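User: I want to go through this model and ask what backs each label. Please keep the answers short.

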Number of protein chains: 2
Amino acid sequence: MKKKVLKFGGTSVGSIDRIQHVANIIKSEVEAGNKIIAVVSAMAGKTNELIEYSQAIDKNFDKRELDVLLSTGEQVTSSLLAGALVNLNIKSKSWLNWQIPILTEGEHTNARILNMNVSKINQYLKEGVAIVPGFQGVSKIGDITTIGRGGSDATAVAIAKLLNADTCEIYTDVDGVYSTDPNKIPVAKKIEKISYDEMLELSSLGAKVMQSSAVQTAMMYDIPLEVRSTFTNRKGTKIFDQQEIDYSKSVTGVAYSKDDAKITLTGVEDKPGVAANIFEPLNKAQINVDMVIQNISSDQNTTDITFTIKRDDLSKTKDILKDNQNIVYKEITHNDKVSKVSIVGAGMVSTPGVTYRMFRGLADEKINILAISTSEIKLSVIINEENTLKAVKKLHTIFELD
Amino acid sequence: MKKKVLKFGGTSVGSIDRIQHVANIIKSEVEAGNKIIAVVSAMAGKTNELIEYSQAIDKNFDKRELDVLLSTGEQVTSSLLAGALVNLNIKSKSWLNWQIPILTEGEHTNARILNMNVSKINQYLKEGVAIVPGFQGVSKIGDITTIGRGGSDATAVAIAKLLNADTCEIYTDVDGVYSTDPNKIPVAKKIEKISYDEMLELSSLGAKVMQSSAVQTAMMYDIPLEVRSTFTNRKGTKIFDQQEIDYSKSVTGVAYSKDDAKITLTGVEDKPGVAANIFEPLNKAQINVDMVIQNISSDQNTTDITFTIKRDDLSKTKDILKDNQNIVYKEITHNDKVSKVSIVGAGMVSTPGVTYRMFRGLADEKINILAISTSEIKLSVIINEENTLKAVKKLHTIFELD
């Protein structure tokens, strides 16, 4: 008998048929003797519909009321799923966040889960399946809140932690985490086990399987996760603590991002505070700066700073740099057709030659490296966008992921 | 300064434009110095959409979860209206039933409002407009309930009573209560003032302006009502205690129902318990029996019993009568093309000759009366359906309602 938190995303509950299918998944779990808490998202498309209503009234729709509005999406799914279970003769009840309660702190539309009363749910699990709407909570003064980053994934992980569940399973429309994008690289393989750190790197590099902040929470509290498909019976990907994984391969996955642009400022004064002066106004303008690389220039008193941004932000970024009175530089150059290709693997740090093999592989394909950035478990290069898939395929092969 | 409960029905809040229009109505009330509690229905069509979802899962969808599901309809409208008021710089908050709370008793989907905590709302009315979802409440154990009969009208009237409001205004898609159906009888006139009793008779006779049980509650607690249009500025119809109305006319309105059928059992044994034996199985089969008339037959030991039902129920009713072993009768006859035409007026009782004038008027039009039923403030006749509009027009004229 295990206590399991199962989370079902928007596409998994996107129609009545799918909700009934989810009810059958839960029924099997109950029949296997497990205690189930299901955390559900709004039916696919419903949250956007509600946001459109609010936007038609006011582009800056009142945030307290936006939370009241949006929370209905998950409430609808919760009641339909509970009713579908009752129809299958499985005892079940929806538990709205204020009925538990799940307490949050922080501002409307961007709250964080603080705590929950576990006694009522634990009591109820002795007799039935508890369905909990994800992505929301109640503030100390009894207002409905929604949680910003992480959404329903974060709710599932937080509940798993607070209820001391054995496992947290994220049911979604893909059947796990892949070594690279299976839609583009057919030899991509599903990863059976991955560490929290690697999952975080892959998430932030564009693998949209799970929300990063939920992975962070799971890592912090050492909650075993499993990502699996609602639509197949195949095994998913288990996400563990690094120490529990036996790394046979140095590299776990290859990720890539597109639509990037690269900007280089040459001849920048080499003195403290220069980087802050460059990036502060970009941050204020909500331009997301990704990789930053600084090299010493040939001239000993100046340096070159390169960074990447989304291509859409290129002209705005250049304007801000040109208007910036606090920085001195020789020239701004840019390349608006670049991509970032990364290898990720917790085993990299203990495997000699990974860096060399990556560079050698790209050289064999005559792919020029425009910039390099490394971390403990990740190695990213910026290359011309036209070479993206060629690079991903090559790296996938040389690190034996095919 | 008045404390007003304003209720807006489904068509009044049926789109974003209409919700913004309602926000402007409320804004005018606030600027006139009034304290406003707005009770809202779900946007037109939304409740049916949610019911369809539940029916697709289970024809007998779990009632507790149905209440959780349906309550989201009014919650959506409440948050959108509160946000629309904030956008007009009017301070406003949605108050969900559990946040107040509004306590109910009775079973799911058919609960009754028992009480509410008035202190929080009264406190909030000092600073802003309170928006309350209609048609729902919370049970003593903290479950969401919906109230059966009366819906959002009943919520508005109950809140008006519990908050000791000065008035309760029902905004709807017609601009008041008419002397008869204005769509069919163009000379129909809007009634300026009407008593609770008359309104109840007209409601039960098919005028769908307000839900009967809400009128009953208002009558019981003497809460002044006003029915008015969301879409025009015209005065509506005020619904008062009878004693406060000066009756210049004996008859207030003419109502009619269509699609009726009439059944007569002749030669029924005239002994106690016969009527019960006839109607009990019909009640069990959920056949709604409307008028019942019993005459002594020419044969002194037997009687004739006539009653009306909806035409759709005719064959089922005849089958049940034929299968009924507990009744003895000579013959079953029926007429499946009849209608009921009624005159309603609190002044009837004190005006001699109303009955005679009605019968004379119908005779002048050569309309045969098939059955008659009277109450304190109502006189109904069954006639052949083809004569319905002719009868209504004639009665409208002779009682000076044109």
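User: Which residue stands opposite T172(A) in strand 11 of chain A?

Analyst: In this predicted model, T172(A) faces S229(A) of strand 11.

User: What makes strand 9 and strand 11 of chain A a pair?

Analyst: Pairing needs at least two bridges between the strands. Strand 9 (residues 167-172) and strand 11 (residues 225-229) of chain A are joined by five bridges. The criterion is therefore met. The two strands run parallel.

User: Where do these strands sit in the sheet of chain A, and what is the pairing called?

Analyst: The order is 3-6-2-1-9-11-12-10, with eight strands in an open sheet. Strands 9 and 11 follow one another in that order. Pairing across the sheet is mixed.

User: Why are strand 3 and strand 10 of chain A said to stand at the edges?

Analyst: Strand 3 (92-94) and strand 10 (193-195) of chain A each have a single partner strand, so one side of each has no neighbour in the sheet. On average, neighbouring strands of this sheet are turned by 20° against each other, direction ignored.

User: How do you know how chain B and chain A are related?

Analyst: Chain B superposes on chain A by a rotation of 180° with 0.0 Å of shift along the axis. The RMSD is 0.1 Å. The two copies are thus related as by a two-fold rotation axis. In chain B, the C-alpha nearest that axis belongs to T72(B), at 2.8 Å.

User: Why say that the copies meet through the same surface?

Analyst: Of the interface residues of chain B, 100% are also interface residues in chain A, so the surface is the same. Contact here means C-beta atoms within 7 Å. By that criterion, 27 residues come from chain B and 27 residues from chain A.

User: Which elements of chain B give two or more residues to this contact, and which gives the most?

Analyst: They are helix 1 (16-31), helix 2 (46-57) and helix 3 (63-87) of chain B. Helix 3 of chain B gives the most, with 14 residues. The side of chain B that touches chain A holds 13 nonpolar, 11 polar and three charged residues.

User: What is the domain assignment of chain A?

Analyst: Domain 1 covers 3-173 and domain 2 covers 253-398. Their C-alpha centres lie 39 Å apart.

User: What confidence does the predictor give chain A and the model?

Analyst: On a pLDDT scale from 0 to 100, chain A averages 91. In chain A, 96% of the residues score at least 70. The model has ipTM 0.82 and pTM 0.83. Where pLDDT is low, predicted coordinates should not be read in detail.

Key. Residues numbered from 1 in each chain as written. Chains lettered and ligands numbered in written order. Predicted model: local features only at pLDDT ≥ 70, side-chain atom pairs only at ≥ 80, totals over all residues. Least-squares fit on C-alpha atoms with pLDDT ≥ 70 in both. Contact = placed C-beta atoms within 7 Å. Helix = DSSP H or I, 4+ residues; strand = E, 2+ residues; numbered from the N terminus. Axes fitted to C-alpha atoms, helices over the stretch in contact; angles between N-to-C directions. Nonpolar A, V, L, I, M, F, W, Y, C, P; charged D, E, K, R; others polar. Domains from an automatic or database assignment.
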